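Colleague: Got a minute? I'd like to walk through this model with you.
Modeller: Sure. Let's pull it up.

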Amino acid sequence: MDNNDLLIRLRYALDIKNNDMVEIFKLGGVELSKEEVLKVLTKTPESDEEDNDSIWAEQETDDYIKADDHLFESFLNGFIIFKRGRQEPKPGQPEIPALTNERSNNLLLKKVKIALQLTSEDMLEIWDLAGVTVSRGELGALLRKVGHKNYKECGDRYARNFLKGLAIKYRK
């Protein structure tokens, strides 16, 4: 899954409106119009496995904006501010948090956990709603810092099922 797909699924799971998406991007430090947000939220052009994306490498569509890691992380930072409010920076701390080089799926889990004020038990329950069993140890490894000896990259399966569980929980 790419960043666009993660944004589409997160938006669906939490039923975030277009105007709120624009506001969240703005809070994260990225100015996007409503039309640009809709272009980010369009499905990624499907690649032809045999051609190794060569079909889309030559054709740049006007109906699609690729969400790079910077845009995705800015959205997640804005989402935290949108849900919890702006936190006053401590003396000597930058106003806007520095962007990380972390894998998108791990970042998604960490930032959504913060924004929605989820506990580890809540997260395990969300995966359980999606029909996936995740142990406490696995969850701890997914939430660790990059470089920690027990850090584990979050695979697409975990991220997809987490978003599915969020949709089940929040779209009743």
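**Charged pairs and the core**

Modeller: Let me start with one residue: Lys-17 is partly exposed, at 46% relative accessibility.

Colleague: And which residue does Lys-17 form a salt bridge with?

Modeller: With Asp-15. The closest N and O atoms of the two are 3.2 Å apart. Keep in mind that this is a predicted model.

Colleague: Is Asp-15 buried or exposed?

Modeller: In between. Asp-15 is partly exposed, with a relative accessible area of 40%.

Colleague: Which residues are linked with Lys-17 in a network?

Modeller: Asp-15 and Arg-171. Salt bridges link them with Lys-17.

Colleague: Why do such pairs form at all?

Modeller: Side chains of opposite charge can pair when their charged atoms come close.

Colleague: How many salt bridges does the count come to?

Modeller: The count is 7. One of them joins Asp-5 and Arg-9. Their closest N and O atoms lie 3.2 Å apart.

Colleague: Where do Asp-5 and Arg-9 sit?

Modeller: In helix α1. They are 4 residues apart there, which means about one helical turn separates them. Asp-5 counts as buried, at 12% relative accessibility. Arg-9 is partly exposed, at 29%.

Colleague: What about Arg-136? Which residue does it form a salt bridge with?

Modeller: Glu-121. The closest N and O atoms are 2.1 Å apart. Arg-136 lies in helix α8 and Glu-121 in helix α7, so this pair ties together parts that are 15 residues apart in sequence.

Colleague: And is Arg-136 buried or exposed?

Modeller: Arg-136 counts as exposed, with 54% relative accessibility. Glu-121 is partly exposed, at 43%.

Colleague: Let's zoom out. How many helices and strands does the protein chain have?

Modeller: There are 9 helices and 0 strands. Along the sequence the pattern reads α-α-α-α-α-α-α-α-α.

Colleague: How much of the chain counts as buried?

Modeller: 37% of its 172 residues. The chain exposes about 10,400 Å². Carbon and sulfur atoms supply 46% of that area.

Colleague: What share of the contacts join residues at least 24 apart?

Modeller: 70%, among contacts between residues at least 6 apart in sequence.

Colleague: Now the inside. Which residues touch the most other members of the largest nonpolar core?

Modeller: Leu-10, Phe-25, Leu-108, Trp-127, Phe-162 and Leu-166. That core has 44 residues. Elements giving two or more residues to this core include α1 (3–14), α2 (18–27), α6 (104–115) and α9 (156–170).

Colleague: Pick one. What does Phe-25 touch?

Modeller: Leaving out residues up to four places away in sequence, Phe-25 touches Leu-7, Val-30, Leu-32, Val-37, Leu-71 and Phe-75.

Colleague: Where does Val-30 lie?

Modeller: In the loop between α2 and α3. Val-30 counts as buried, at 12% relative accessibility. With the residues up to four places away left out, Val-30 touches Phe-25, His-70, Leu-71 and Ser-74.

Colleague: How many residues apart in sequence are Val-30 and His-70?

Modeller: 40. In space they are 9.4 Å apart, C-alpha to C-alpha.

Colleague: Back to α7. Which of its residues are buried?

Modeller: Met-123, Leu-124, Ile-126 and Trp-127. Seen down the axis of α7, the buried residues fall within an arc of 155 degrees, so they line one face of the helix.

Colleague: And what covers the buried residues of α7?

Modeller: The cover includes α6, α8 and α9.

Colleague: What comes just after α7?

Modeller: Gly-131 is there, with a positive phi of about 85 degrees.

Colleague: Last one. Where does Lys-111 lie?

Modeller: In helix α6. Lys-111 is buried yet has no salt bridge.

Colleague: Which side chain of opposite charge is nearest to Lys-111?

Modeller: Glu-73, 4.2 Å away. A salt bridge needs the nitrogen within 4 Å of the carboxyl oxygen, so this pair is not counted.

Colleague: What is Lys-111 in contact with?

Modeller: Glu-73, Leu-76, Asn-77 and Ile-80, leaving aside neighbours within four places in sequence.

Conventions:
Residues numbered from 1 in each chain as written. Predicted model: local features only at pLDDT ≥ 70, side-chain atom pairs only at ≥ 80, totals over all residues. Heavy atoms only, no water. Buried < 20%, exposed > 50% of the residue type's maximum accessible area, 1.4 Å probe, protein only. Contact = heavy atoms within 4.5 Å. Areas by Shrake-Rupley, 256 points an atom, 1.4 Å probe, with all protein chains shown as cover. Core = buried A, V, L, I, M, F, W, Y, C linked by side-chain atoms within 4.5 Å. Arc of directions from axis to C-beta. Lys, Arg positive; Asp, Glu negative; His and termini not counted.
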